[in-house]
Structure formats: C-alpha cells, structure tokens
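Please look through the model shown here with the sequence beside it. The paragraphs that follow begin with one residue and widen to the chain as a whole.

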Amino acid sequence: MAARNILQVVSRGAQLRDHPQQLHAICNSLYNYGVGSKVSRTIWNKWTEPCYYKITRVKKTGLNSVSAWGYLTFRGKTSEHPVEIRCPRKQQWFLVDQWHIQNSGPIVA
C-alpha cells in the first residue's frame, strides 16, 4: 500500500515536470503551494541560459487561479527582489529540476 502511494507521488512529479500546465495546477499539487520550487515557461526553452522563477509567495485568488511572486532568473541574471509572476493562467508552466539548472542547457518539455 505504501509503495503505491510513493509511486503516485513520483509519477505526479514527473507529470508536473513533463507536461505544461497552468501555474495554479502546479502550485495546488505541491507542498506549501510550491513555495521554494522553481517553475519555467515553455517559451523560454529557446535560450541556453537558465530561465525560471523561484517561488517565494503564493496567494489563491479563486478556485482555479493564483497570484504568485518569486525571484526571476532570466538568461542567467537573477532579480534582486521578488516580482509578481506574469501570465500564471497560460498553459505553459512546468517544474524545473536541479539537473536542468546545473547543465544550463535548453529545457525540453
């Protein structure tokens, strides 16, 4: 029984990483609404430099929507202060794992 639950969690993580979704779907399925997680958009795959948000705060604004803030790392440069994450309702978001950041190659979604 416990092994089945672990497999569900692992497969859910792979699904969040491999299939673009709206930001609220990712935040709702993560611990603490994804605070501390790194998310990226599929349109940023064209650059080889790392592009992602590190989520610092999430506020639920409705059943299927969130407002989120985080540090933006865009083309290798990180913002000094948390900024509001733009376009959270677009179906382009996915989790970024540490391997993509360390290898700084394009993220294939």
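**From one glutamine to the whole chain**

When its neighbours within four places in sequence are set aside, Q22 is in contact with N64, P88, R89, K90, Q91 and W93. The model in which these contacts are found is a predicted one. Q22 itself sits in the loop that runs between α1 (2–18) and α2 (23–28), and its side chain reaches the backbone oxygen of R89 at a distance of 3.1 Å. Is this loop residue buried or exposed? Its relative accessibility is 19%, and because buried means under 20%, Q22 counts as buried.

The next element to consider is strand β1, which spans residues 38–41 and is covered on both of its faces. On one side K38 and S40 are buried, and on the other side V39 and R41 are buried as well. Which strands does β1 pair with? With strand β2 (residues 52–62) it pairs in the antiparallel sense over 2 bridges, and with strand β6 (residues 93–95) it is joined by 3 bridges, again running antiparallel. V39 can serve as a point of reference for both pairings, since this residue stands opposite Y53 in β2 and also opposite L95 in β6. Strand β6 includes residue 93, and W93 is one of the residues in contact with Q22.

A further link involves charged side chains. A search of the whole structure finds 1 salt bridge, which E49 forms with R75, their closest N and O atoms being 3.4 Å apart. E49 lies in the loop between β1 and β2, whereas R75 lies in the loop between β3 (65–74) and β4 (77–78), so the pair ties together parts that are 26 residues apart in sequence. Both partners count as partly exposed: the relative accessibility is 29% for E49 and 39% for R75.

Taken as a whole, the chain has a secondary structure of 3 helices and 6 strands, and read along the sequence these elements follow the pattern α-α-β-β-β-β-β-β-α. Of the 109 residues in the chain, 34% are buried. Among contacts with a separation of 6 or more, 51% are accounted for by residues that lie 24 or more positions apart. The accessible surface of the chain comes to about 6,900 Å², and 54% of this area belongs to carbon and sulfur atoms.

Technical notes:
Residues numbered from 1 in each chain as written. Predicted model: local features only at pLDDT ≥ 70, side-chain atom pairs only at ≥ 80, totals over all residues. Heavy atoms only, no water. Helix = DSSP H or I, 4+ residues; strand = E, 2+ residues; numbered from the N terminus. Buried < 20%, exposed > 50% of the residue type's maximum accessible area, 1.4 Å probe, protein only. Polar contact = N/O pair within 3.5 Å; in protein donor to acceptor, adjacent residues only side chain to side chain. Contact = heavy atoms within 4.5 Å. Pairing = 2+ DSSP bridges. Areas by Shrake-Rupley, 256 points an atom, 1.4 Å probe, with all protein chains shown as cover. Salt bridge = Lys/Arg side-chain N within 4 Å of Asp/Glu carboxyl O.
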